[in-house]
Amino acid sequence: MAEKEDLKGIQKAAILLIALGPEKSSMIFKHLKEEEIEDLTLEIANTKSVTSQLKEQVINEFYEVCLAQQYIAEGGIGYAKELLEKALGSEKALDVIGKLTASLQVKPFEFIKKTDASQLLNFIQDEHPQTIALVLSYLSSGQAAAVLAALTPEKQADVARRIATMDRTSPDVIKEVERVLESKLSSLVNQDYTIIGGVDAVVDILNTVDRGTEKHIMETLEIEEPELADEIRKKMFVFEDILLLDDRAIQRVLRDVDNNDLAIACKGSNEEVQNAIFSNMSKRLAEMIKEDMEFMGPVRMKDVEEAQQKIVNIIRKLEDSAEIVISRGGGDEIVV
């Protein structure tokens, strides 16, 4: 086997996964793309033998890079370099930082993720909606939702639309926005063109804001961008989110669901979702659905997704008619 310095990134990743063992490696695979899993699996298969010394070197390098990432997220590259110099020495610290900036990307605006949402709102609420959308795209869905909900109604839908339609943003633009924040905050990160925003980003935010804000934004988008609104609505509530419903709501939903659709939908769901459904129907009906699932054999994923979407549509319809309440973040309140 080659020396560590001669190895490519994917070779080091394969050795790391081998060293971690199958159980931990399988957990890592859950967070990778399909093509990444295929490439790593092939590399692992082609790795015939690895010395204990090489394993240790790769694990140590991985630990050092993770440590550097954590320090950068906490206080920027300068802060990370200072702490790494104390821990690893000046030469080693520069080496680790160099590898990080060359191979890994640190997201812009990491330094504002610990900023209180109200403070952030005061700082950016008067900015152009495109600037607000850019900043919110880099925040957690919870933090972004808090800021979005506090904006004026006129700006809410505009900012949501800009997040959803955002694709690639020039690093020069990102740096300029960061420069404006620099007087109060810190850390400016060099970065290649970055994919941010998109429908998934705005869905995460809308799933977190209160129902009133979400409804206003969706109604506005349905008028101004009907196709975009439809795409967002399809992703707003997934079948597994049935766990957000209380028992009474689940029982109400099941009254409108076809048993055959329910069996197919449950076929592709996890045990927790199945238990939530079966516990809210009669024992006899639950046994019948389980038997149907067993006897139907393998089911195409397309059929499972279609059946789940039918149930999701029922849930959304019942929520819109106020027959059920979906537990979500924000200001939803139940008045008795």
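**View 1. Helices H14, H16, H17 and H18 help cover the buried residues of H15.** The cover includes helix H14 (247-255) and helix H16 (271-278). It also includes helix H17 (283-295) and helix H18 (301-320). The model shown here is predicted. H15 itself spans residues 259-267. Its buried residues are Asp-261, Leu-262, Ala-263, Ile-264, Ala-265 and Cys-266. At the start of H15, look for Asp-258. A side-chain oxygen of Asp-258 comes to within 2.9 Å of the backbone nitrogen of Asn-260.

**View 2. Ser-269 sits in the loop between H15 and H16.** Is Ser-269 buried or exposed? Ser-269 counts as buried, because its relative accessibility is 10% and buried means under 20%. The side chain of Ser-269 reaches back to the backbone oxygen of Cys-266, at 2.9 Å. Cys-266 is one of the buried residues of H15. Setting aside residues up to four places away in sequence, Ser-269 touches Phe-239, Gln-274 and Gln-308.

**View 3. The largest nonpolar core has 34 residues.** Within this core, the residues with the most contacts are Leu-136, Leu-148, Val-159, Ile-163, Val-202, Leu-206 and Ile-232. Which elements give two or more residues to the core? They are helix H6 (117-124), helix H7 (129-137), helix H8 (141-150), helix H9 (153-165), helix H10 (171-181), helix H11 (199-206), helix H12 (211-224) and helix H13 (226-236). Another core lies apart from this one. That other core has 30 residues, among them Ala-249, Val-273, Met-293 and Ala-307. In soluble globular proteins, nonpolar side chains tend to be buried together.

**View 4. Ile-18 lies in helix H1 (residues 9-20).** With 29% relative accessibility, Ile-18 counts as partly exposed. Which residues does Ile-18 contact, leaving aside its neighbours within four places in sequence? The contacts are Ile-44, Thr-47 and Lys-55. Take Lys-55: in sequence, Ile-18 and Lys-55 are 37 residues apart. In space, they are 8.5 Å apart, C-alpha to C-alpha.

**View 5. The protein chain as a whole has 18 helices and 2 strands.** The chain has 336 residues, and 40% of them count as buried. Now consider its contacts with a separation of 6 or more. Residues 24 or more positions apart account for 76% of these contacts. The accessible surface of the chain comes to about 19,500 Å². Carbon and sulfur atoms hold 50% of that surface.

Methods:
Residues are numbered from 1 along each chain as its sequence is written. This is a predicted model: local features need pLDDT of at least 70, side-chain atom pairs count only at pLDDT 80 or more; totals for chains, interfaces and linings use all residues. Side-chain values use heavy atoms; hydrogens and water are left out. Buried means under 20% relative accessible area, exposed over 50%, partly exposed in between (1.4 Å probe, protein chains only). Helices (H or I, at least four residues) and strands (E, at least two) are DSSP runs, numbered from the N terminus. Contact means heavy atoms within 4.5 Å. A polar contact is a pair of N or O atoms within 3.5 Å; within protein, one must be able to donate a hydrogen and the other to accept it, and residues adjacent in sequence count only if both atoms are side-chain atoms. Accessible areas come from the Shrake-Rupley method with a 1.4 Å probe; for residues, only the protein chains shown count as cover. A nonpolar core is a set of buried Ala, Val, Leu, Ile, Met, Phe, Trp, Tyr and Cys residues joined through side-chain atoms within 4.5 Å.
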